[in-house]
Amino acid sequence: MEVPMKFICFLVFLLVLGINGFNRVDGAGECGKSSPDVEAFKLASCATAAQDANAQVPDSCCSQVKTLGKNPACLCAVMLSNTAKSSGIKPEIAVTIPKRCNIADRPVGYKCGPYTLP
């Protein structure tokens with residue numbers, strides 16, 4: 001019995017796909033499977049407060065910062081992300097938002113690039 005060449009090629013193709021699937025790594029960065037740039041969009045309500053230290057921080061912003069603040073590395077990555085920078089966010093002001101929101105369990109003293117969370 002001869003096995004058709006198409007069938008053998010198909011099996012080899014499936015084998016190669018299977019091996020590649022086992023070698024694949026699901027990257028998880030500071031924000032898990034989501035990128036800091038994607039997470040930055042969730043903080044759109046913080047834009048004014050992250051540009052002006054005297055601006056009132058909206059409750060919706062505080063709520064999102066509190067959620068992100070449970071993972072300080074993600075919060076910092078978001079504040080320093082390309083999306084945040086391109087929207088005019090000033091990181092030196094953005095790092096003050098958790099304190100301005102009076103978040104009790106904020107990561108005080110956490111190094112966020114060249115900035116420290118107050």
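Okay, let's start with helix α3, residues 59-68, and its buried residues: Cys61, Cys62, Val65 and Leu68. Bear in mind as we go that this is a predicted model. If you look down the axis of α3, those buried residues sit within an arc of 130°, so they line one face of the helix. Here's some general background: an α-helix has 3.6 residues a turn, so residues three or four places apart point the same way. And what covers the buried residues of α3? Among the things covering them are α2, α4 and α7, the last of these being residues 97-100.

Let me step back to the whole chain for a moment. How many helices and strands does the protein chain have? The count is seven helices and two strands. Starting from the N terminus, the order goes α-α-α-α-α-α-α-β-β, so to speak in one breath. The protein chain has 118 residues, and 31% of them count as buried. Its accessible surface is about 7800 Å², and carbon and sulfur atoms account for 60% of that. As for contacts, take the ones between residues at least 6 apart in sequence: 57% of those join residues at least 24 apart.

Back to the helices. I'd like you to find glutamate 39, which is in helix α2. Is glutamate 39 buried or exposed? Its relative accessible area is 9%, and the cut-off for buried is under 20%, so glutamate 39 counts as buried. Which residues does glutamate 39 touch, once we skip those up to four places away in sequence? They are Cys31, Ser34, Leu68, Cys74 and Val78. You've met one of those already: Leu68 is one of the buried residues of α3.

Now the largest pocket. Its volume is about 230 Å³. There are 16 residues in the lining, and the ones nearest the centre are Ala40, Leu43, Ala44, Ser87 and Ile89. If you ask which elements give two or more residues to that lining, they are α2 (36-41), α4 (72-79) and α5 (82-86). What kinds of residues are these? The lining splits into 14 nonpolar and two polar, with no charged residues.

Hold on to Ser87 and Ile89, because they come up again with glutamine 51, which has both of them among its contacts. Leaving out neighbours within four places in sequence, glutamine 51 is in contact with Ser87, Gly88, Ile89, Lys90 and Ile93. Where is glutamine 51? It's in the loop between α2 and α3. Glutamine 51 is partly exposed, at a relative accessible area of 31%. Glutamine 51 and glycine 88 are 37 residues apart in sequence, while their C-alpha atoms are 6.9 Å apart in space.

Last stop: the loop between α7 and β1, where β1 is residues 111-112. Asparagine 102 is in this loop, and it is exposed, with a relative accessible area of 67%. Most residues other than glycine have a negative phi. Asparagine 102 has a positive phi of about 60°, although it is not a glycine.

Alanine 104 is in that loop too. Alanine 104 is exposed, with a relative accessible area of 77%. Its C-alpha atom is 9.5 Å from that of lysine 66, and the two residues are 38 apart along the chain.

Note on methods
Residues numbered from 1 in each chain as written. Predicted model: local features only at pLDDT ≥ 70, side-chain atom pairs only at ≥ 80, totals over all residues. Heavy atoms only, no water. 1 Å grid on protein atoms, 1.4 Å probe; cavity = no way out; pocket = protein on both sides within 12 Å on 5 of 7 lines; lining within 4 Å. Points joined across faces, edges and corners; volume = space filled by probe spheres on them. Helix = DSSP H or I, 4+ residues; strand = E, 2+ residues; numbered from the N terminus. Nonpolar A, V, L, I, M, F, W, Y, C, P; charged D, E, K, R; others polar. Buried < 20%, exposed > 50% of the residue type's maximum accessible area, 1.4 Å probe, protein only. Contact = heavy atoms within 4.5 Å. Arc of directions from axis to C-beta. Areas by Shrake-Rupley, 256 points an atom, 1.4 Å probe, with all protein chains shown as cover.
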